[in-house]
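Work through the exercises below with the sequence and the model side by side, trying each task before reading its solution.

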Amino acid sequence: MTLQEYDYARESPSKLAASCLLLALTMKNLGGWTPTLEYYSGYRCQDLHPLVKRLNFLLTYQPQDKLKAVRTKYSHRVFFEVAKVTPIDMLKLEEILKSC
């Protein structure tokens, strides 16, 4: 989803990947940011909070007519329909992120 958004081009690819992983772990209730993830990524959970919130907000956008190729591609079952995943409520996400 961030491929279509210019605002994310200034983010470090490693930080973007780590934030996406943290959001996915949170959305699927698979645990939080472990010391192992912190060690190998180089990012503390608190460092990722703002970007995780922005990514979750990005999921609420509706596709524009000109920029829907990525969303369409990842809405297919081959890619596990990840573009159709509903975002976490922002208040719930805030609460979860405070605990890590």
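## Exercise 1: Two loop residues

Phe-80 counts as exposed, because its relative accessibility of 72% lies over the 50% cut-off. The structure is a predicted model, and this holds for every value in the exercises that follow.

**Task.** Find where Phe-80 and Asn-29 sit in the chain, and state what is notable about phi in each residue.

**Solution.** Begin with Phe-80, which is found in the loop between α4 (69-73) and α5. Its phi is near 60°, a positive value in a residue other than glycine. Turn next to Asn-29, which lies in the loop between α1 and α2 (35-41). Phi of Asn-29 is near 55°, and this too is a positive value in a residue that is not glycine. As a last step, consider accessibility: Asn-29 has a relative accessible area of 63%, which is over 50%, and therefore Asn-29 is classed as exposed.

## Exercise 2: A threonine in a helix

**Task.** Decide whether Thr-26 is buried or exposed, and work out which atoms and residues surround its side chain.

**Solution.** First place the residue: Thr-26 belongs to helix α1, which covers residues 13-27. Its relative accessible area is 8%, and because this is under 20%, Thr-26 is buried. Then look for a polar partner, and you will find that a polar atom of the Thr-26 side chain lies 2.8 Å from the backbone oxygen of Leu-22. Finally, set aside residues up to four places away in sequence, and the residues that Thr-26 touches are Gly-31, Ile-88, Leu-93 and Ile-96.

## Exercise 3: A histidine in a helix

**Task.** Carry out the corresponding analysis for His-49, asking which backbone oxygen its side chain reaches and which residues it contacts.

**Solution.** His-49 lies in helix α3. With a relative accessible area of 14%, which is under the 20% cut-off, His-49 is therefore buried. Its side chain reaches the backbone oxygen of Cys-45 at a distance of 3.4 Å. Beyond its neighbours within four places in sequence, His-49 is in contact with Leu-97, Lys-98 and Cys-100.

## Exercise 4: The largest nonpolar core

**Task.** Identify which residues touch the most other members of the largest nonpolar core, and which helices supply it.

**Solution.** The largest nonpolar core holds 17 residues, and of these Leu-22, Leu-23, Leu-48 and Val-52 touch the most other members. Helices α1, α3 (45-58) and α5 (90-98) each supply at least two residues of this core, and the largest share, 6 residues, comes from α3. To see the surroundings of one such member, take Leu-48, which, leaving aside its neighbours within four places in sequence, is in contact with Lys-15, Ala-18, Ser-19, Leu-22, Trp-33 and Tyr-43.

## Exercise 5: The largest pocket

**Task.** Describe the largest pocket by its volume, the residues closest to its centre, and the classes of residue in its lining.

**Solution.** Start with the volume, which is about 570 Å³. The lining consists of 21 residues, and those closest to the centre of the pocket are Met-1, Cys-20, Leu-23, Leu-59 and Val-82. Helices α1 and α3 each supply at least two residues of the lining, and the largest share, 7 residues, comes from α1. Sorted by class, the lining has 19 nonpolar residues, 1 polar residue and 1 charged residue.

## Exercise 6: Separation along the chain and in space

**Task.** For the pairs Lys-73 with Ala-83 and Ala-24 with Pro-50, give the separation along the chain and the distance between C-alpha atoms.

**Solution.** Lys-73, found in helix α4, is 10 residues from Ala-83 along the chain, and the C-alpha atoms of the two are separated by 8.3 Å. Ala-24, in helix α1, is 26 residues from Pro-50 along the chain, with 15 Å between their C-alpha atoms. To complete the picture, classify the helical partner in each pair: Lys-73, at 43% relative accessibility, counts as partly exposed, and Ala-24, with a relative accessible area of 36%, is likewise partly exposed.

How values were computed. Residues numbered from 1 in each chain as written. Predicted model: local features only at pLDDT ≥ 70, side-chain atom pairs only at ≥ 80, totals over all residues. Heavy atoms only, no water. Helix = DSSP H or I, 4+ residues; strand = E, 2+ residues; numbered from the N terminus. Buried < 20%, exposed > 50% of the residue type's maximum accessible area, 1.4 Å probe, protein only. Polar contact = N/O pair within 3.5 Å; in protein donor to acceptor, adjacent residues only side chain to side chain. Contact = heavy atoms within 4.5 Å. Core = buried A, V, L, I, M, F, W, Y, C linked by side-chain atoms within 4.5 Å. 1 Å grid on protein atoms, 1.4 Å probe; cavity = no way out; pocket = protein on both sides within 12 Å on 5 of 7 lines; lining within 4 Å. Points joined across faces, edges and corners; volume = space filled by probe spheres on them. Nonpolar A, V, L, I, M, F, W, Y, C, P; charged D, E, K, R; others polar.
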